Amino acid sequence: VCATVASILRASGTRAGLYTSPHLVSMVERFQVAGQPVQEERLIATADGIRDVIVTHGLTFFEAMTVLVFTLFRDLEVEVQVVEVGLGGRLDATNVVDPAVTLLTNVANDHAEFLGHTVREIAAEKAGILKAGVPAWTTATDPVVREVFRSRASDVGAPLVELEPSAGILDLRMDAAHDEFTLVGTPWGDLRLETPLVGAHQAVNVMLAVHGVGGLPSSLRLSAQAVRAGVSSVRWPGRGDVLERADGTWLFDVAHNAAGVESLAAVLDRLPLDRPVVALVGVLGDKDWRSMLPPLLARMDGAVLTQPPTAPSSRRWDPREALRSLGPVGEEFEVQVTENFHEAVEEARRRAGRGTVVVTGSCHTVGDTMAALGRVPFEPVAE
């Protein structure tokens, strides 16, 4: 959603800054201005300038990154900041901003140790970014989530628009390169749009982004042409991301919870991928991999479970335990464990032959595989 908003703003001639997390391969991916990551040298120089403040206040890593991005955006004269919440919302470091618009996506069970063990509790944390007088939009469809958002919006005096994806997105067509669909009832009327982001869930994300930019001040010169151009030129690697190489097809998707796997499964069901299709899977230990693996493996001809090397030691899963938990399914779909990551990448490619390797389970797994293949998600350019 944030990447699409920033891309639309860029297409309109607005100098937009985009702050997201986590990154796939390089830290610079988190800090983008005018569609490009900030150069590493500039990032380091700015970090050095605020180091004393960070240390004095004992900020956490994400708090420090948030101070860093606001400093960068100020120094680089960004006109509009597009800021993704890091975790939850109510207590997130990004919630110090006074936004022009607020966008709320779907809510799924994730980060339960911080946000709560029910969808209602998690939704309440996310609704914490709603602010008095600031217009908000949501594409959430869960009645419980909508009730929480509606109640919070009423309490703080935030105008909330509840979008209906089933009614607002028509004639969706999808292939390995893009989605194409009609978005009805936008501030610019009905729009036929194309996005290189693949999946029905990405059409919903575009819907939210387009309605959100429609709520920005008219001084930003947002036209239907800019909306079309921005949606069609967005870059967001690692999400339904198909790469054709000489050694075969790779599909990267950072699905890291049950909801993410559900979206990935829907994409896999609609794409005519070359077979055999083999999954390369590495999940963090605090994720619900027991719910994630069965629907994923049901669509595979085989799988290799592994340990992404950049995963924090405190959050590593046990792929052998995961294999044991599968029981007969692990044998039926030829699932194996290869803990050495580079060997696992090679094994998945070998088993897929000229078919497709689906890389998924976490941002770490996708990013580490991209790094192993020499793929740079975003190429920085000189300012």
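**Helix packing and hairpins in a predicted model**

Reader: Through how many residues does a hairpin join β8 to β9?

Author: Happy to start there, and bear in mind that this is a predicted model. Strand β8 covers residues 169–174 and strand β9 covers residues 179–186, and the two pair in the antiparallel sense over 4 bridges. The hairpin that joins β8 to β9 does so through 4 residues.

Reader: Which residue in β10 does E180 stand opposite?

Author: Let's go across the strands. On one side, R173 stands opposite E180 in β9. Strand β10 (residues 189–195) runs antiparallel to β9, with 6 bridges joining them, and a hairpin through 2 residues links β9 to β10. In β10, the residue opposite E180 is E194.

Reader: Turning to the helices, is α2 parallel, perpendicular or oblique to α3?

Author: Good question! Helix α2 (residues 40–57) packs with helix α3 (residues 61–75) at an angle of about 125°, and their axes are 10 Å apart. Angles of 65 to 115 degrees count as roughly perpendicular and those over 145 as roughly antiparallel. The angle of about 125° therefore makes α2, relative to α3, oblique.

Reader: And is the crossing of α2 and α3 left-handed or right-handed?

Author: The angle of about 125° describes how the two helices pack, and the handedness adds to that picture. As α2 passes α3, the crossing is right-handed.

Reader: How many nonpolar residues are in the contact of α2 with α3?

Author: From α2 come R42, L43, T46, A47, I50 and I54, which meet A64, V67, L68, T71, L72 and D75 in α3. Sorted by kind, the contact holds 2 charged residues and 2 polar ones, while the nonpolar residues number 8.

Notes
Residues numbered from 1 in each chain as written. Predicted model: local features only at pLDDT ≥ 70, side-chain atom pairs only at ≥ 80, totals over all residues. Heavy atoms only, no water. Axes fitted to C-alpha atoms, helices over the stretch in contact; angles between N-to-C directions. Parallel < 35°, antiparallel > 145°, perpendicular 65-115°, else oblique. Left-handed = near helix turned anticlockwise from the far one by under 90°. Contact = heavy atoms within 4.5 Å. Nonpolar A, V, L, I, M, F, W, Y, C, P; charged D, E, K, R; others polar. Pairing = 2+ DSSP bridges.
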